[in-house]
Amino acid sequence: MRFSGAEGRWAARLGALRDVVRQDLVTRQLAEHLPRTPCRILDVGCGQGTQALRMAARGHHVTALDASRDLLRILEAGIQPGMSIRTVQAEAGRLRELFEPGSFDIVLCHGVLMYFDDPGPLLADLARLLAPRGLLSLLVRNGDALAMRSGLMGDWAGALRAFEGTGYVNRLGVPARADRLDELTRRLAVQGLGVRQWYGVRVFCDAAPDGAPVPEDIDDLLAAEERAGRTDPYRRVAALVHLICARGEERLNMEV
């Protein structure tokens with residue numbers, strides 16, 4: 001996967017404003033859909049394990065998969081007594097050989113799809129791992145608003161390029177790909193998955209400098225981001241889109 005080699009740059013930004021907003025919003029959005037009873041969760045491309053640790057703290061049984069041993073070490077250092085977390089060092093492309101079909105009630109795949117030129121095979125593998133009533137949580141770069149970050153940062157040439165396609169170079173310096181909501185919804189439908197709900201993530205603070213500290217009014221900021229992430233038209237221009245997908249969902253929920 002193209003992310004390989006950027007782990008150090010990623011880890012250096014943990015705990016900064018943009019990371020905190022992303023992780024907190026995803027946690028809040030996920031909480032609306034998680035069952036109250038313990039379930040089996042797979043976190044594909046778990047990175048430093050923020051979501052894996054939070055899910056385990058809720059009593060869920062978590063398998064955390066990532067290709068980076070360095071990032072898995074950060075996760076493992078955060079495991080507390082009583083948490084049920086198994087770590088697996090492997091590429092996301094090995095899911096089919098590692099796990100049996102229907103092995104998980106919830107599959108998380110956050111910030112991973114953007115590093116695959118063709119997301120189809122990975123989406124098929126993720127869908128295969130879901131139990132009959134399982135949920136898939138996808139976090140992707142928003143291809144419908146790809147020009148926003150460049151435009152807000154005054155990179156007019158970059159903004160113009162973003163109107164023409166879905167490829168970009170992210171802040172880690174890694175070539176990546178954004179997903180447009182309608183096209184991703186169609187791809188999911190091919191795998192028998194419908195979108196139960198979708199949210200925007202980082203509407204207001206995506207243009208913040210790398211390493212920007214968490215402000216004193218973070219609670220107000222998070223409340224504003226959470227509100228915007230579920231409200232049109234704001235969520236449509238978010239940097240990231242968070243989709244909650246399930247089998248048998250017949251149509252995209254366009255309103256909150």
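These legends go with close-up views of a predicted model.

**View A. Helix H10, with one face covered and another side open.**
Helix H10 runs over residues 218-229, which makes 12 residues. From its first C-alpha to its last, H10 reaches 16 Å, close to the 16 Å expected at 1.5 Å a residue. Look for Ile-218, Leu-222, Glu-225, Ala-228 and Gly-229: these are the buried residues of the helix. Seen down the axis of H10, they fall within an arc of 130°, so they line one face of the helix. What sits over that face? Helix H2 (17-31) and strand E8 (193-201) are included in the cover of the buried residues. Swing round to the other side of H10 and you find Asp-219, Asp-220 and Arg-227, which are exposed.

**View B. The loop between H10 and strand E9, with its cis peptide bond.**
Pro-233 has its place in the loop between H10 and E9. Check the bond that joins Asp-232 to Pro-233: this peptide bond is cis, with omega at about 5°. That is worth a second look, because most peptide bonds are trans. Val-237 also lies in the loop between H10 and strand E9 (240-247).

**View C. A nonpolar patch on the surface.**
Four residues, Met-148, Leu-152, Met-153 and Val-237, make a nonpolar surface patch of about 360 Å². Val-237 comes from the loop between H10 and E9. With a relative accessible area of 33%, Val-237 is partly exposed.

**View D. Asp-125 and Arg-96, a salt bridge between two helices.**
Here the side chains of Asp-125 and Arg-96 meet, at 3.0 Å from N to O. Asp-125 lies in helix H6 (residues 120-129) and Arg-96 in helix H5 (residues 95-98), so the pair ties together parts that are 29 residues apart in sequence. Which partner is buried and which is partly exposed? Asp-125 is buried, at a relative accessible area of 10%, while Arg-96 is partly exposed at 45%. As a general point, side chains of opposite charge can pair when their charged atoms come close. The count for the model comes to 21 salt bridges.

**View E. Arg-187 and its acidic partners Asp-118 and Glu-183.**
Arg-187 forms a salt bridge with Asp-118, at 3.5 Å from N to O. This pair links distant parts of the chain: Arg-187 is in helix H9 (residues 181-190) and Asp-118 is in the loop between strand E4 (104-110) and H6, 69 residues apart. Arg-187 also meets Glu-183 in a salt bridge, with N to O at 3.5 Å. Arg-187 and Glu-183 both lie in helix H9, four residues apart, or about one turn of the helix. Arg-187 counts as partly exposed, at 28% relative accessibility. Asp-118 is partly exposed too, at 44%, and so is Glu-183, at 34%.

**View F. A network of salt bridges.**
Asp-24, Arg-28, Glu-32, Glu-226 and Arg-230 are joined into one network by salt bridges that share partners.

**View G. Arg-18 and Arg-202, two buried arginines in contact.**
Start with Arg-18, which has its place in helix H2. Is this arginine buried or exposed? Arg-18 is buried, with a relative accessible area of 12%. Leaving aside residues up to four places away in sequence, Arg-18 touches Arg-149, Arg-171, Arg-202, Cys-205, Asp-206, Ala-208, Pro-209 and Asp-210. Now move to Arg-202, in the loop between E8 and H10. Arg-202 counts as buried, at 7% relative accessibility. Its backbone deserves a look: phi is positive, about 65°, although Arg-202 is not a glycine. Most residues other than glycine have a negative phi.

**View H. Val-44 in strand E1 and the residues in contact with it.**
Val-44 is found in strand E1 (residues 40-44). At 0% relative accessibility, Val-44 counts as buried. What does Val-44 touch? Not counting residues up to four places away in sequence, the contacts are Leu-65, Ala-92, Leu-95, Val-107, Leu-108, Cys-109, His-110, Val-112 and Leu-126. For a sense of scale, Val-44 and Val-140 are 96 residues apart in sequence and 13 Å apart in space, C-alpha to C-alpha.

Methods. Residues numbered from 1 in each chain as written. Predicted model: local features only at pLDDT ≥ 70, side-chain atom pairs only at ≥ 80, totals over all residues. Heavy atoms only, no water. Expected span 1.5 Å × (residues − 1). Buried < 20%, exposed > 50% of the residue type's maximum accessible area, 1.4 Å probe, protein only. Arc of directions from axis to C-beta. Contact = heavy atoms within 4.5 Å. Patch = residues over 30% accessible without salt bridge, like charges linked within 9 Å, V, L, I, M, F, W, Y side chains within 5 Å. Areas by Shrake-Rupley, 256 points an atom, 1.4 Å probe, with all protein chains shown as cover.
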